[in-house]
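Here are a few exercises to help you find your way around a new structure. Try each task yourself before you read its solution.

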Amino acid sequence: MYTVQLSKLIEKMNLENVTPEIDIRHIKLCQPDVNRPALQLAGFFDYFDSERVQVIGHVEYAYMQKMEKDHGHGIMSRLMDYKVPCIVFCRNIEVAPELIQMATEKGVPILRTAKTTSSFMAEVIRWLNVELAPRISIHGVLVDVYGEGILIMGESGIGKSEAALELIKRGHRLVTDDVVEIKKVSDDTLIGTAPDITRHFIELRGIGIIDVKTLFGVESVKNTQSIDLVIKLEEWNKDQEYDRLGLEEQYTEFLGNKVVCHSIPIRPGRNLAIICESAAVNYRQKKMGYNAAQELYNRVTNNLMKKAKQDED
């Protein structure tokens, strides 16, 4: 199970910590969802998911204001006894000093934000889904080509980094070389990033390590990119059959998500950068509803039918 430090959430969402005495360095979040403790404030704690971030909005605060003071403190004390990771008050709601003291004693951080409850929850859930997403690391190169994330794979030394370098010179952007960290942020989306150590670096055999950001500028790199298309480079084999029409899509799978995959045979003289660009544009055309292979197939079929009709006449 992946976790994220509470301090990282505070920094990302620009939250105010009203309990600074609490050491938050050991507090980690492991659930991407959040909870508005409406039923818990009413005293119903069955099936309470205490590992979630607890969010107090205008409705919850108004309900707390109508509760008798001793009863309200008792409910909040019971809520904090579950060792929730934190309680966030939205709309800059004033937190009672008694509540701050209670939270400090029980070691439950109380945070505050000026954002509305709904917008804050949506933003936190989206961010946590990315941070806590299942992930793997694979060997490859990820490049942003015309807005499409192209993952170039193949054996070591086959020319992945050289192809990426040529694409960068043609105005496209590098995400990562050699190691690609893939996160599954949804059933449809895979996000690729670079390890912190190798970010913006490319290894070229015979030359060594080059810093793409320094050599080509900040417009030549990107930190994250969705993975839309996989190109597998492989040595040319004259005895192997290669797809020449592309009527049927081939797929490869990462973390349960299928991604369109093309196997490209490598021979001397083939321009890999142009092939990658063409694959990206063709993929975009298919997403927009135009399939060149299907168009050719329809033309051939219509021509054969036309000739057959002429022969009958």
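**Exercise 1.** Which backbone nitrogen lies 3.2 Å from a polar atom of the side chain of T113?

*Solution.* Before we start, note that this is a predicted model, where local features need pLDDT of at least 70, side-chain atom pairs count only at pLDDT 80 or more, and totals for chains, interfaces and linings use all residues. Residues are numbered from 1 along each chain as its sequence is written, and side-chain values use heavy atoms, with hydrogens and water left out.

Step 1: find T113 in the loop between strand 7 (110–112) and helix 6 (117–131). Helices (H or I, at least four residues) and strands (E, at least two) are DSSP runs, numbered from the N terminus.

Step 2: look for the partner, which is the backbone nitrogen of K115. This is a polar contact, meaning a pair of N or O atoms within 3.5 Å; within protein, one must be able to donate a hydrogen and the other to accept it, and residues adjacent in sequence count only if both atoms are side-chain atoms.

**Exercise 2.** Work out whether T113 is buried or exposed, and list what it touches.

*Solution.* Step 1: T113 has 4% relative accessibility, so it counts as buried. The cut-offs are under 20% relative accessible area for buried, over 50% for exposed, and partly exposed in between (1.4 Å probe, protein chains only).

Step 2: set aside neighbours within four places in sequence, and T113 is in contact with L15, V88, F89, C90, R91, N92 and F120. Contact here means heavy atoms within 4.5 Å.

**Exercise 3.** Describe the setting of S226 and its side-chain partners.

*Solution.* Step 1: S226 sits in strand 16 (residues 224–226). With a relative accessible area of 24%, S226 is partly exposed.

Step 2: the side chain of S226 makes a polar contact of 3.4 Å with that of Q225, and another of 3.3 Å with the side chain of D228.

Step 3: leaving out neighbours within four places in sequence, S226 is in contact with G149, L190 and I191. K183 is 43 residues away from S226 along the chain, and their C-alpha atoms are separated by 9.3 Å.

**Exercise 4.** Take T193 and L167: are they buried or exposed?

*Solution.* Step 1: T193 belongs to strand 13 (residues 190–193). Its relative accessibility is 9%, so T193 counts as buried. Not counting residues up to four places away in sequence, T193 touches V175, T176, V179, V180, E181, N223 and T224.

Step 2: L167 is in helix 7 (residues 160–169). L167 is buried too, at a relative accessible area of 0%. Beyond its neighbours within four places in sequence, L167 has contacts that include V143, V145, H172 and C276. D178 is 11 residues from L167 along the chain, with 16 Å between their C-alpha atoms.

**Exercise 5.** Now zoom out: how many helices and strands are there in the chain, and what is its radius of gyration?

*Solution.* Step 1: count 10 helices and 19 strands.

Step 2: the chain has a radius of gyration of 27 Å, whereas a compact globule of 313 residues would have one near 20 Å. The radius is taken over C-alpha atoms, and the globule rule is 2.2 Å times the number of residues to the power 0.38. Along the principal axes, the C-alpha atoms fill a box of roughly 95 × 60 × 30 Å.

Step 3: buried residues make up 42% of the 313 residues. Of the contacts between residues at least 6 apart in sequence, 68% join residues at least 24 apart.
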